[in-house]
Amino acid sequence: MKKSSREFRFRRLLAIIFIFACLSLPVAALAQKAVPRKQGESWRKQPPRSGPARPFKLPSAREIKLQTGLTLVMIEDHRSPMVTINLGIPVGSALDPAESLGLAEAVASLLTEGAGTRTSEQLAREVETLGGRISSFATEDYSRIVVSVVSENAERMMDMIGDVALRPAFPEEEVSLYKENRIQSLTVQRQDPAFLVSEHFNRIIYGPHPYAISAPTPESIAAMDRKKIESFYKASYTPSSAVLVIAGDFDSKKMEAKVRAVFGGWKAPPAGEKKFPAMPERKARHIYLIDRPGSEQADFRIGNLALTRQDADYFPLLVANTILGGGTSSRL
């Protein structure tokens with residue numbers, strides 16, 4: 001019984017293979033006739049033709065100046081069910097006290113680590129529940145809160161932005177965690193040739209100006225505490241010269257009313273103007289070499305002070321700089 005059963009299974013397997021082979025032969029033969037190997041390939045040498053240029057039209061922007069000094073810019077655009085919100089406050093690393101480098105960066109980063117009645121975890125979870133993202137950071141001149149959210153939850157998200165911008169908690173445990181992580185990231189940064197060359201380049205180009213400082217030091221980060229962070233926030237975060245830009249799928253009248261309800265009570269005193277030292281004027285060419293033994297990569301920086309952002313040639317210069325040496329897609 002066992003032998004005959006094995007023979008039956010073996011013969012059935014051979015029959016299946018034979019039928020499959022018979023069915024496959026005509027298909028393979030037809031495919032070979034339909035697509036000759038050496039013919040019909042000329043199209044590969046012809047690039048596809050470009051279609052007609054599409055008209056580029058930006059949606060209109062409506063700008064409103066609130067009594068508090070905050071500028072509201074609304075760009076209503078219903079092509080996608082999303083809303084993007086940017087709050088820019090003119091407080092950046094250029095305003096860092098000399099003895100507390102990295103303070104503006106720390107304040108901006110900690111805005112979203114607990115605000116109002118929400119802890120860091122609760123804030124992150126609620127943002128995710130609303131179908132959104134939120135981040136905060138500082139550049140040389142501005143601190144920014146950046147948000148994107150599905151349009152149906154935009155007004156609810158505005159309440160959270162109000163807490164983050166106006167009522168940050170700066171919990172002690174989050175301050176300690178930030179300091180620890182920032183010191184570690186500084187260690188990693190200083191192992192990168194690109195960071196090292198940029199740090200030296202900025203120091204040479206900007207001289208005594210605060211733009212010369214590319215990053216804080218581990219010592220300045222370690223010296224921070226919650227009191228310094230909160231004091232810097234209260235003295236610097238003001239609606240004067242701040243800008244709130246909202247773009248996406250929303251109703252302008254409803255959004256304006258929401259913004260006034262959330263930020264109408266922001267009455268911090270205007271921040272004082274700080275005078276910066278003049279940047280050095282370079283009258284000769286110089287070459288600087290930074291020796292990093294064991295480095296497997298070399299980075300170059302070639303440049304000088306150029307135009308201001310208000311100059312009519314600013315954007316053409318950006319394009320030219322990108323073509324000449326602005327990244328891996330540049331000609332150099």
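## Working through rings, core and surface

Phenylalanine 263 and tryptophan 266 are both buried. Keep in mind that this is a predicted model. Grab the structure and try these.

**Exercise 1.** Work out which geometry class the ring pair of phenylalanine 263 and tryptophan 266 falls into.

*Solution.*
- A pair of aromatic rings is described by the distance of the centres and the angle of the planes.
- Start with the distance: the two ring centres sit 5.9 Å apart, and the cut-off for pairing is within 6.5 Å.
- Now the angle: the planes make 45°. Stacked would need under 30 degrees and edge-to-face over 60.
- The pair of phenylalanine 263 and tryptophan 266 is therefore tilted.

**Exercise 2.** Count the aromatic pairs in the structure, then classify the one between tyrosine 233 and tyrosine 237 and say whether each of these residues is buried or exposed.

*Solution.*
- The count comes to 5 aromatic pairs.
- For tyrosine 233 and tyrosine 237, the centres are 4.9 Å apart and the planes meet at 40°, so this pair is tilted.
- Next, accessibility. Buried means under 20% relative accessible area.
- Tyrosine 233 has 10% relative accessibility, so it counts as buried.
- Tyrosine 237 comes in at 3%, so it is buried too.
- Looking a bit wider, ring pairs join Tyr233 and Tyr237 with Phe170 in a cluster.

**Exercise 3.** Find the largest nonpolar core, its best-connected residues and the helix that gives the most to it.

*Solution.*
- The largest nonpolar core is made of 54 residues.
- Inside this core, the residues with the most contacts are Met158, Leu244, Ile246, Val259 and Phe263.
- Helix α4 (residues 154-166) gives the most to the core, namely 8 residues.
- Zoom in on isoleucine 246: skipping neighbours within four places in sequence, its contacts include Leu72, Met74, Ile85, Met158 and Val259.
- For background, nonpolar side chains tend to be buried together in soluble globular proteins.

**Exercise 4.** Head for the surface: place valine 319 and lysine 227 in their helices, and decide whether each is buried or exposed.

*Solution.*
- Valine 319 lies in helix α10 (residues 314-325). Its relative accessibility is 51%, so it counts as exposed.
- Together with Ile323 and Leu324, Val319 makes a nonpolar surface patch of about 260 Å².
- Lysine 227 belongs to helix α8 (residues 226-236). At 67% relative accessibility, lysine 227 is therefore exposed.
- One more distance: lysine 227 and glutamate 172 are 55 residues apart in sequence, with 9.7 Å from C-alpha to C-alpha.

Methods
Residues are numbered from 1 along each chain as its sequence is written. This is a predicted model: local features need pLDDT of at least 70, side-chain atom pairs count only at pLDDT 80 or more; totals for chains, interfaces and linings use all residues. Side-chain values use heavy atoms; hydrogens and water are left out. Rings of Phe, Tyr and Trp (its six-membered ring) pair if their centres lie within 6.5 Å; planes under 30 degrees apart count as stacked, over 60 as edge-to-face and the rest as tilted. Buried means under 20% relative accessible area, exposed over 50%, partly exposed in between (1.4 Å probe, protein chains only). A nonpolar core is a set of buried Ala, Val, Leu, Ile, Met, Phe, Trp, Tyr and Cys residues joined through side-chain atoms within 4.5 Å. Helices (H or I, at least four residues) and strands (E, at least two) are DSSP runs, numbered from the N terminus. Contact means heavy atoms within 4.5 Å. Patches are made of residues with over 30% relative accessible area and no salt bridge: like charges are joined within 9 Å, nonpolar side chains (Val, Leu, Ile, Met, Phe, Trp, Tyr) within 5 Å. Accessible areas come from the Shrake-Rupley method with a 1.4 Å probe; for residues, only the protein chains shown count as cover. A salt bridge is a side-chain nitrogen of Lys or Arg within 4 Å of a carboxyl oxygen of Asp or Glu.
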